[in-house]
Amino acid sequence: MASQENLISEDESINQTEPWQFENALSRSDRETLTSFTMLSDFLGQQLPNFSSYSLNLMGVLACIVNEIIALATPESPLWSRSQCENIEMLNLNEYYSQFFPWYAKNVPRFFHEASRASAVIRVDASWLVRKLENPVRWVSIFPSLVGNVSIESSNDDVKMIDMEFLTLITPVIPTRKIKVLRYCHRIGNDTWIIADISMYLSSYSDDLRPEFLRFPSGFIIQHLPNGYSKVTILEHWVYKEDAILNRLRPYLSYGIGFGAKKWLVALQRYCSKTTYVPLMDITNQLVSSSKSFSVLFLIIVNSTGRDNLLEVSRHMVHLFCSGTCGVIGYQWRRLGAGRTFDVRVFTRESPDMIRHPCGIISASGLAKIHAKPEMLFPFIYGVKKREIFNHLRLSGNGLKQVLRITRDDTTPRNDVSLFSFRLNNSTEVFLLQEAYNEASSSMVIHSILDESSLRKIINGDSSFSITYPCGFTIMPGQNSGDEEAGCVVSVGFQAIVTEAIVANTMMSNVEKTLSDTFTNFENVLAANW
């Protein structure tokens with residue numbers, strides 16, 4: 001493997017020599033695609049005669065990936081155009097296929113491009129951020145709602161082969177994107193790094209054998225700025241089969257709105273803000289009267305480690321909910337039968353600790369259109385009105401009280417981690433841990449019920465505790481259809497313990513009823529409060 005200094009000079013040489021462009025690139029033949037890559041390999045062989053053909057081919061792939069990501073991330077690039085109707089930036093495919101030769105996949109019918117880019121200045125040091133991102137296993141905790149599972153297959157210096165499962169949308173009807181990724185982490189200047197991905201699928205010459213999802217060159221460019229800041233540019237580029245995404249949700253994804261660069265950037269900002277800026281609201285007048293509750297909350301207030309532990313568990317709760325709703329294959333979620341309703345999915349798996357807790361776990365979720373704007377619906381789910389929506393919270397005799405909130409940033413309201421308290425069956429006081437994502441592209445509220453003992457374990461960092469059964473909602477903007485109001489698309493999900501004695505058909509019937517009742521509660525709460 002070449003040194004970093006050698007690779008930088010090779011990248012620069014390649015940028016200056018481009019004999020493999022095509023005027024009619026969209027209709028390029030397979031032979032032309034292979035010839036292009038052979039020309040690049042021969043060129044590298046002349047420059048580096050002592051390297052093996054495998055190393056030369058790998059270096060050629062990496063150099064092309066880096067070159068492509070940098071070009072696509074460049075502001076005012078002719079590779080992008082703006083839609084006149086939606087004012088959304090779109091990849092110009094004619095320009096793209098003319099400038100680059102995707103040896104891994106020519107443009108073919110019935111496949112859609114999904115490309116987007118975004119950049120922002122983040123208040124963290126660039127070298128700290130690179131150290132976090134260069135470890136693929138950390139991506140699950142950095143991006144708990146976007147990355148389902150990661151495993152490293154092989155690693156060699158800056159190059160890694162990774163099995164990844166991406167969570168496209170947190171909804172029961174969109175599949176995860178499980179692919180093998182070649183990842184390259186490389187310093188491309190004195191103060192700039194790149195983390196580049198591409199699907200490990202380098203042969204597209206039989207259309208029928210192409211996987212459903214291909215990750216074209218995508219990644220992060222991280223630039224060091226003064227005063228401990230970083231400029232981060234993210235490029236996301238996918239190609240997928242026409243039938244891999246439902247028609248009604250395809251517009252939401254096609255311009256990178258649902259699973260694009262902006263969503264990745266917001267998730268990264270969320271992670272960084274939680275590690276650098278965790279203010280607490282004044283809760284003096286909101287504490288419940290119970291002395292036990294006060295002692296637990298006091299530990300959170302005075303102990304920054306306790307707050308960090310609470311945030312870490314909340315992040316894990318989000319990941320459990322998202323991976324269960326999407327049925328992440330890497331966690332052995334298996335789909336259970338088929339319900340009568342297309343928009344309902346039930347997955348099941350064994351308990352992670354079958355020795356101490358032998359049981360099964362189900363993850364059930366449903367999708368429905370609600371005739372209300374997302375900004376109307378989100379406050380009900382976020383606040384105490386959730387008790388009127390989720391049936392299992394109706395057990396509370398006393399009102400649900402928000403007793404603590406840890407804000408994630410100072411710009412987006414209701415983008416935080418909260419603790420609520422209420423009395424279960426008018427007797428035992430319990431807590432509700434909630435994490436809320438409030439974004440322009442979608443919103444999400446996830447929660448889990450805790451007793452006082454469990455909350456104390458979380459604050460003290462007791463590793464024996466783990467949240468197992470989260471519930472939650474996701475809200476996506478709807479699409480206008482004729483004269484019909486766009487409204488929003490809502491997913492509801494919950495996880496629960498099951499035993500082998502439960503018959504699958506009975507379970508499906510119960511699940512469908514629970515989800516149907518929840519959506520009915522949505523409509524009733526909206527009608528009563530609007």
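This is a conversation between a colleague and a modeller about reading features of a predicted model.

Colleague: Before we start, what are the ground rules for this model?

Modeller: It is a predicted model, so local features need pLDDT of at least 70 and side-chain atom pairs count only at pLDDT 80 or more, while totals for chains, interfaces and linings use all residues. Residues are numbered from 1 along each chain as its sequence is written, and side-chain values use heavy atoms, with hydrogens and water left out.

Colleague: How many helices and strands are there in the chain?

Modeller: Helices (H or I, at least four residues) and strands (E, at least two) are DSSP runs, numbered from the N terminus. By that reading the chain has 13 helices and 19 strands.

Colleague: And what percentage of the residues count as buried?

Modeller: Buried means under 20% relative accessible area, exposed means over 50%, and partly exposed is in between, using a 1.4 Å probe and protein chains only. Here 54% of the 530 residues count as buried. The accessible surface (Shrake-Rupley method, 1.4 Å probe; for residues, only the protein chains shown count as cover) is about 23,300 Å² for the chain, and 49% of that belongs to carbon and sulfur atoms.

Colleague: How do I read burial along a helix, say α5?

Modeller: General idea to begin with: an α-helix has 3.6 residues a turn, so residues three or four places apart point the same way. In α5, residues 126-133, the buried ones are Ala-126, Leu-129, Val-130, Lys-132 and Leu-133. Looking down the axis of α5, these buried residues fall within an arc of 160°, so they line one face of the helix. That arc is taken from the directions from the helix axis to the C-beta atoms.

Colleague: Now the sheets. In what order do the strands of the open sheet come?

Modeller: Two strands pair if DSSP finds at least two bridges between them. The open sheet has 9 strands, in the order β11-β12-β13-β19-β18-β17-β16-β15-β14, with antiparallel pairing. β11 (334-335) and β14 (401-407) are at the edges with a single partner strand each, so one side of each has no neighbour in the sheet.

Colleague: Which bridges can I click on to check the register?

Modeller: Start at β14, which is joined to β15 (residues 416-424) by 6 bridges; there Thr-407 has Asp-416 as its bridge partner. Further in, 5 bridges join β17 to β18, with Ile-446 partnered by Gly-472. Then β18 connects to β19 (residues 488-498) through 7 bridges, and Ile-475 has Val-490 as its partner there. Strand β18 itself, residues 471-477, is mostly covered, with 6 of its 7 residues buried.

Colleague: What lies across β15, β16 and β17?

Modeller: Helix α12, residues 452-459, running at about 110° to β17. Axes are lines fitted to C-alpha atoms, for helices over the stretch in contact, and angles run from 0 to 180 degrees between N-to-C directions.

Colleague: Which strand is joined to β3?

Modeller: Strand β3 (residues 111-122) is joined antiparallel to β10 (residues 229-241) by 12 bridges. Have a look at His-113, which stands opposite Val-239. Of the 12 residues of β3, 9 are buried.

Colleague: What does Asn-309 touch?

Modeller: A contact means heavy atoms within 4.5 Å. Asn-309 is in helix α10, residues 304-326, and, leaving aside residues up to four places away in sequence, touches Ile-458, Ile-459, Asn-460 and Gly-461. Asn-309 and Ile-458 are 149 residues apart along the chain, yet their C-alpha atoms are separated by 6.2 Å. For the chain overall, among contacts between residues at least 6 apart in sequence, 65% join residues at least 24 apart.

Colleague: How many disulfides does the search find?

Modeller: A disulfide is a pair of cysteine sulfur atoms within 2.5 Å, and the search of the whole structure finds 0. Take Cys-326: the nearest cysteine sulfur, in Cys-322, is 6.6 Å away. Cys-326 is buried at 7% relative accessible area, and Cys-185 is buried at 9%.

Colleague: Last one: where does Asn-227 sit, and is it buried or exposed?

Modeller: Most residues other than glycine have a negative phi. Asn-227 has a positive phi of about 65°; it sits in the loop between β9 (218-225) and β10 and is exposed at 75% relative accessibility. Gln-332 also has a positive phi, near 60°. It is found in the loop between α10 and β11, and is exposed at 55%.
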